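Welcome, and please open the model in your viewer. We will go from one selection to the next, with a short note at each stop.

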Amino acid sequence: MKTNTVKSKILDEQKYVISKKVDAFFTDIYNVYMFILRFFKEAFSPPFEFKEIINQCYLVGYKSLALISLTGFITGIVFTKQSRPSLSNFGATSWLPSLISIAIVKALAPLVTALIAAGKVGSNMGAELGSMKVTEQIDAMEVSATNPFKYLVVTRITAVTLMIPILVLYTGFVGMMGSYLNIHQTELTSFTAFFKSAFASITFLDIYASIFKAFCYGFTIGVAGCFQGYYAQNGTQGVGRAANSTVVLSMFLIFVEEMIIVQFVNAIR
Amino acid sequence: MKILKNNRPVVVGIFILLGIVILLLTLFTIGGQKETFVKSFTLNAIFNDVGGLSVGANIWFSGVKVGTVKKIGFHGNSQVQVTMNVEKDAEAHIRKDAKAKIGSDGLIGNKIIIIYGGSITLPQVEKNDFLKVEDAQSTDDMLATLQVNNKNLVAITSDFKSISHKINSGEGSLGALLNDPSFAIKLNKTVENLQTTATNLKTVSENSKSTMANFQEFSGKINRPGNSINDFASDTIVYNRIVGTVSQLQNAATSVSRFTANLKMVSEKLNRKNNAVGVLLNDSASATSIKMTIKNLETSSKKLDEDLEAIQHNFLLRGFFKKKEKNKEE
């Protein structure tokens with residue numbers, strides 16, 4: 001009996017190339033790759049779901065604006081307050097606007113926006129598509145001759161990819177305003193002097209790099225959310241898992257991308 | 001505010017437009033600061049060392065930002081050619097002999113190029129001109145100088161250390177001053193004496209002040225016409241007479257001087273034995289002989305006297321002498 005169990009285990013293991021988990025990981029990579037390919041294929045082939053894209057833009061962009069603005073504003077104030085002691089040690093508080101603008105434009109605005117969006121929008125997408133999947137609504141759409149991928153996935157990924165850069169601009173602006181408020185209160189710096197000093201240290205490349213980053217983060221959040229939701233399994237438990245793994249995966253990928261893009265930008269600077 | 005589903009495209013449109021406005025404002029602000037949209041011309045400068053200058057660095061002329069660095073490239077062996085984008089407005093103010101140097105925006109600020117100098121007599125710069133370059137002191141040079149200063153400071157402090165050690169151990173006058181109480185007492189007395197001297201000096205100075213006042217008064221009186229001293233001082237005739245008298249006195253002094261010289265010569269001769277007077281004065285043998293001669297002469301004269309007495313009583317001559325006496329009596 002015991003010998004039979006071992007034999008069946010060996011036979012089971014022989015079904016996988018390496019092991020069950022490793023094979024699943026590589027399968028996921030393949031599936032993601034195919035998912036992205038399908039997205040591009042569907043995105044550039046008619047009919048285009050403009051109405052749904054705009055609807056998703058509204059939900060992703062406009063509905064996140066308040067949260068993103070508040071986060072950006074607080075980030076600006078807190079970062080200014082935290083940086084002041086270090087600079088005042090050198091008697092260089094006049095450099096605060098430059099420091100804050102570099103930090104916000106180059107890193108904080110895209111990163112904070114993407115992380116907030118991953119939490120709010122990504123989890124929402126994962127949960128929404130996951131519940132649609134487990135309740136077989138997606139299958140029903142296929143049956144009713146509607147392309148669920150085009151209607152549900154392409155619209156959402158497109159909306160997130162387009163809206164995150166806009167949200168990044170808002171976050172940057174609001175963050176700078178928050179920083180100005182704090183600097184004006186403490187150093188009595190004028191609005192013109194603050195923005196002159198702030199923009200003196202920023203180049204076009206920094207702006208382009210931030211917007212490029214925002215597109216990448218948006219696309220990542222969209223793909224992660226839609227992929228996890230679209231392939232959700234195991235009923236309501238799978239929905240929660242899809243939402244959770246969307247946030248975790250998005251945040252992890254955002255940091256990885258941040259690192260790669262910084263290297264890339266510094267190489268061409 | 002409840003937004004109807006039909007109005008969502010409008011809201012999204014406004015949302016996107018505002019985002020784009022923020023982007024454009026940012027780009028234009030940066031462009032304005034980097035003078036991307038300002039009319040400009042290029043200038044060049046060749047440096048030996050740019051000290052970490054980067055493309056986009058600011059260019060200052062008389063403390064005003066007039067452009068940015070466009071390109072940095074190697075030139076020749078190891079020199080660096082910097083191409084600068086300078087505002088067209090500044091062109092009229094930068095002269096052909098203006099110089100460029102690498103500076104920094106504050107003590108630890110970014111590297112910048114400073115254009116300065118230029119004589120008004122020369123024409124303004126033209127597009128693609130090369131500016132003369134002055135090598136600025138780099139931070140390394142300054143640190144090297146500071147290092148020398150530090151070494152000197154170490155030497156000075158070690159000297160001070162040994163001096164203070166000597167002072168503390170009572171060596172030398174300064175040490176004695178600080179450590180020996182008797183020295184301090186002496187010094188105290190010296191100071192007291194000095195104080196007394198100073199008081200005396202003060203009195204002297206006050207006296208001299210009054211003396212000076214008297215002198216002043218006296219000189220004032222002298223200067224005032226109508227008194228004898230003033231007449232004496234200001235009368236030209238008296239002056240000429242005095243001059244004449246002085247000249248005569250001078251002649252007399254010359255004669256006296258000559259006379260003294262002659263006297264000196266005579267006295268010298270008198271001291272010598274090669275002349276009669278000298279022999280008389282100086283030779284003792286001659287003196288003795290003269291003495292003897294005089295003695296002999298005295299004796300001879302006595303005898304002659306006796307002889308002449310005898311002659312008077314001689315019968316041959318008695319008549320003559322009697323006759324003479326008779327004549328005398330008459």
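How much of residues 60–79 of chain A is helix and how much is strand, and how far apart are the end C-alpha atoms? Select that stretch: the chain there is 100% helix and 0% strand, with the end C-alpha atoms 26 Å apart.

Two notes before moving on. This is a predicted model, in which local features need pLDDT of at least 70 and side-chain atom pairs count only at pLDDT 80 or more, while totals for chains, interfaces and linings use all residues. Residues are numbered from 1 along each chain as its sequence is written, and chains are lettered from A and ligands numbered from 1 in the order in which they are written.

**Stop 1: the annotated segments of chain A**

Now select residues 60–79, 99–118, 151–176, 188–207, 214–232 and 247–268 of chain A, which an unreviewed UniProt entry annotates as "transmembrane region". UniProt positions are given here in the numbering used for this model, feature names are shortened, and annotations may be inferred rather than shown by experiment. Keep residues 151–176 of chain A highlighted: this stretch is 100% helix and 0% strand, and its end C-alpha atoms are 37 Å apart.

**Stop 2: a helix pair inside chain A**

Next, show α3(A), residues 50–89, together with α4(A), residues 96–134. Helices (H or I, at least four residues) and strands (E, at least two) are DSSP runs, numbered from the N terminus. The axes of α3(A) and α4(A) come within 9 Å and cross at roughly 140 degrees. Axes are lines fitted to C-alpha atoms, for helices over the stretch in contact, and angles run from 0 to 180 degrees between N-to-C directions. The crossing of α3(A) past α4(A) is right-handed (the near helix is turned clockwise from the far one by less than a right angle; anticlockwise would be left-handed). Colour this contact by class and you will find 16 nonpolar, eight polar and two charged residues. Here Ala, Val, Leu, Ile, Met, Phe, Trp, Tyr, Cys and Pro count as nonpolar, Asp, Glu, Lys and Arg as charged, and the others, Gly among them, as polar.

**Stop 3: where the chains meet**

Bring chain B into view. In all, 18 residues of chain A are in contact with 15 residues of chain B (C-beta atoms, placed from the backbone, within 7 Å). On the chain A side, the elements giving two or more residues are α3 (50–89), α6 (148–187), α7 (191–200) and α8 (204–230). The largest share, seven residues, comes from α3(A). By class, this side of chain A has 15 nonpolar residues, three polar and no charged.

**Stop 4: α6(A) against α1(B)**

Select α1(B), residues 8–33. UniProt's unreviewed entry places a "transmembrane region" at residues 12–31 of chain B, and that stretch is 100% helix and 0% strand, with end C-alpha atoms 28 Å apart. Add α6(A): the two axes come within 9 Å and cross at roughly 55 degrees. So α6(A) is oblique to α1(B) (angles under 35 degrees count as roughly parallel, over 145 as roughly antiparallel, 65 to 115 as roughly perpendicular and the rest as oblique). The crossing is left-handed. Show side chains for I166(A), L169(A), Y170(A) and F173(A) on α6(A), and for F15(B), I16(B), G19(B), I22(B) and L23(B) on α1(B), which make the contact. These divide into eight nonpolar, one polar and no charged.

**Stop 5: the barrel of chain B**

Finally, select the strands of chain B in the order β1-β4-β3-β2-β6-β5-β7: they form a closed barrel of seven strands with mixed pairing. The twist averages 40 degrees from one strand to the next. Strands count as paired if DSSP finds at least two bridges between them.

Some pairs to visit:

- β3(B) (64–75) and β4(B) (79–87) run antiparallel, joined by eight bridges; F74(B) stands opposite V80(B).
- β2(B) (58–61) and β6(B) (111–116) are parallel over three bridges; I59(B) has I113(B) as its bridge partner.
- β5(B) (99–104) pairs with β6(B) in the antiparallel sense over six bridges; look for K101(B) opposite I114(B).
- β5(B) and β7(B) are parallel over two bridges, with A100(B) partnered by V133(B).
- β1(B) (40–47) and β7(B) (129–133) run parallel, joined by three bridges; N44(B) is partnered by F130(B).

Note on methods
Contact = placed C-beta atoms within 7 Å.
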